[in-house]
Amino acid sequence: MKSKLGFNSQVIHAGGQKDQWGSVVTPIYQTSTFSFRDVEHGAALFAGEEDGYIYSRFCNPTIADLENTIAEMENGYKAIGCASGMAAVSVVFTACLSAGAHVVAHNALYGATLTILGTIFKKFGVESTFVDTTVLDNVKNAIQPNTKLIFLETPANPTIGICDIQAICEVAKQHNITVCVDNTFCSPYLQKPLDLGADIVLHSMTKFINGHADIVGGIVVAKNKEEYDRLLPSMRNLGFNMDPHQAFLARRGLKTLGIRMERAQENAGKIAVFLENHPKVKSVLYPGLPSHPQYHLAQRQMSGPGAMISFELKGGFEAGKTMMNSVELAVLAVSLGGIETLIQHPASMTHSKLSKEAREKAGITDGLVRLSVGIEEMEDIIADLEQALGKS
Ligand SMILES: *Cc1c(COP(=O)(O)O)cnc(C)c1O
């Protein structure tokens, strides 16, 4: 029955284990450890011969409910809940890489992902090549004999560039390279990378999956048992685990993912057109606009264009700053994917540490503004952007 359910039914009913009292919602199992019936029971749990819980760093029923649900949504084998999106990224890197290994990654990734590859993992002998993965030949040319992982983010942050997951996975298979997709900007509602050939998918659940800007969390989904068995020890032993209360909130937020995404996306589509026609806006990057460089790929790969828009102001850096200081409804903050509209200016905020040259190479121009469209009334968001643009 479950496999035949549509997204909004599945997202509500999947995963759940029934507790002994018939609680409709999986409770918060606020415990660090679980008692064994006897020595034999403990031994069977440690040997993996019996299902059950040992210690909350390994797993916990509240976390398992969330993991099982997201594994189902992504058509994966199993999922691994993590303390944050970056903990999820760290699980993948520590599990898939070792000294002497090489990574091919997109050049406009989430800032902290770029940072850890370039500093921490570099310190442990991992080499990385950052290329514009929206061009397939760039990926092919970057592959070396020691390439172990291709790490993609699509749409990417903050340039909204889209890469062809299926085509890249076909190339990776020929070289026996693992492909991991950071699916945060889409959520499983809009894109299922495992169905397109990826081996691993991950999310910052802080964003669309939880959707209410009240927790930080992450998750990794493995396509099969072999991949899961490779990833799991990193989470368990390095302590990248979630907390049961955090998992409870993420599970609650997840139940409305479909309707939140529909509404935010509907708003975003109209806002993108408004921006594209505004005299102070030079260009708009939104997968739903025919002007997007990968518009046709987006139509094929994603079931909708999502709720993230980047646009460039004609007035450059100063106009970006003025706009940030002028918005009233939109919240000036980093992060994304919540019910509230958030706005930020990468050149003066998230990517200010990069040199102007490095920013421009990655497509992050001085006048670029990133908008995470929320589920407020579309007319109110447009009115706010209109008045703020008027001052910029
Ligand atoms: C936010 C984000 C991350 C990091 O997630 P945290 O939950 O903040 O640790 C990784 N990738 C993308 C695309 C993100 O937006």
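User: In this predicted model, which helix holds histidine 41, and is its side chain's residue buried or exposed?
Analyst: The model is predicted. Histidine 41 sits in helix α2, which spans residues 39-46. The cut-off for buried is under 20% relative accessible area. Histidine 41 has 10%, so the residue counts as buried.

User: Which backbone nitrogen lies 3.0 Å from a polar atom of the side chain of histidine 41?
Analyst: Look for a polar contact, which needs N or O atoms within 3.5 Å. The side chain of histidine 41 offers a polar atom, and 3.0 Å away lies the backbone nitrogen of arginine 37.

User: With which residue does glutamate 50 form a salt bridge, and how many residues apart in sequence are the parts that the pair ties together?
Analyst: Glutamate 50 pairs with arginine 37, with the closest N and O atoms 3.3 Å apart. Glutamate 50 is in the loop between α2 and α3, and arginine 37 is in the loop between α1 and α2, so the bridge ties together parts whose separation in sequence is 13 residues.

User: What is the relative accessible area of glutamate 50, and what is that of arginine 37?
Analyst: Exposed means over 50%, and buried means under 20%. Glutamate 50 is partly exposed, at 32%. Arginine 37 counts as exposed, at 62%.

User: How many salt bridges does a search of the whole structure find?
Analyst: A pair qualifies when a side-chain nitrogen of Lys or Arg is within 4 Å of a carboxyl oxygen of Asp or Glu. Searching the whole structure gives a count of 13.

User: What is the N to O distance in the salt bridge of aspartate 229 and lysine 225?
Analyst: Both residues lie in helix α10, residues 225-238. They are four residues apart, about one turn of the helix. Aspartate 229 is partly exposed at 39%, and lysine 225 is partly exposed at 48%. Their side chains meet at 2.6 Å.

User: Which partner does arginine 230 have in its salt bridge, and is that partner, glutamate 227, buried or exposed?
Analyst: Arginine 230 and its partner are both in helix α10, three residues apart. Arginine 230 is partly exposed, at 32%. The partner is glutamate 227, with closest N and O atoms 2.8 Å apart. At 9% relative accessible area, glutamate 227 is buried.

User: Which residues do salt bridges that share partners join into one network?
Analyst: Here the bridges have partners in common, and they link into one network. Its members are Lys356, Arg359, Glu360 and Asp366.

User: Which side chain of opposite charge is nearest to aspartate 384, and how far away is it?
Analyst: Aspartate 384 lies in helix α16, residues 378-391. The residue is buried yet has no salt bridge. Its side chain does make a polar contact of 2.8 Å with the side chain of glutamine 387. The nearest side chain of opposite charge is lysine 391, at 7.7 Å.

User: Where are proline 155 and proline 158, and what is omega at the cis peptide bond before each?
Analyst: Proline 155 is in the loop between β4 (147-153) and α8 (165-174). Proline 158 is found in the loop between β4 and α8. A cis bond joins threonine 154 to proline 155, with omega about -5°. Another joins asparagine 157 to proline 158, with omega about 0°.

User: What is phi of isoleucine 160, and what is phi of serine 187?
Analyst: Isoleucine 160 lies in the loop between β4 and α8 and is buried at 1% relative accessibility. Serine 187 is in helix α9, residues 187-190, and is buried with a relative accessible area of 1%. Phi is positive at isoleucine 160, near 60°. Phi is positive at serine 187 too, near 70°.

User: Which residues around the ligand are closest, and how does the shell divide by type?
Analyst: The ligand has 14 residues around it, and Met86, Asp182, Ser204, Thr206 and Lys207 are the closest. By type, the shell holds five nonpolar, six polar and three charged residues.

User: Which side chain has an N or O atom 2.7 Å from an oxygen atom of the ligand, and what share of the ligand's accessible area does the protein cover?
Analyst: A polar backbone atom of methionine 86 is 2.8 Å from a ligand oxygen. The side chain of serine 204 also places an N or O atom 2.8 Å from a ligand oxygen. The 2.7 Å distance belongs to threonine 206. Of the 380 Å² that the ligand has on its own, the protein covers 93%.

Note on methods. Residues numbered from 1 in each chain as written. Predicted model: local features only at pLDDT ≥ 70, side-chain atom pairs only at ≥ 80, totals over all residues. Heavy atoms only, no water. Near = heavy atom within 4 Å. Polar contact = N/O pair within 3.5 Å; in protein donor to acceptor, adjacent residues only side chain to side chain. Areas by Shrake-Rupley, 256 points an atom, 1.4 Å probe, with all protein chains shown as cover. Nonpolar A, V, L, I, M, F, W, Y, C, P; charged D, E, K, R; others polar. Helix = DSSP H or I, 4+ residues; strand = E, 2+ residues; numbered from the N terminus. Buried < 20%, exposed > 50% of the residue type's maximum accessible area, 1.4 Å probe, protein only. Lys, Arg positive; Asp, Glu negative; His and termini not counted.
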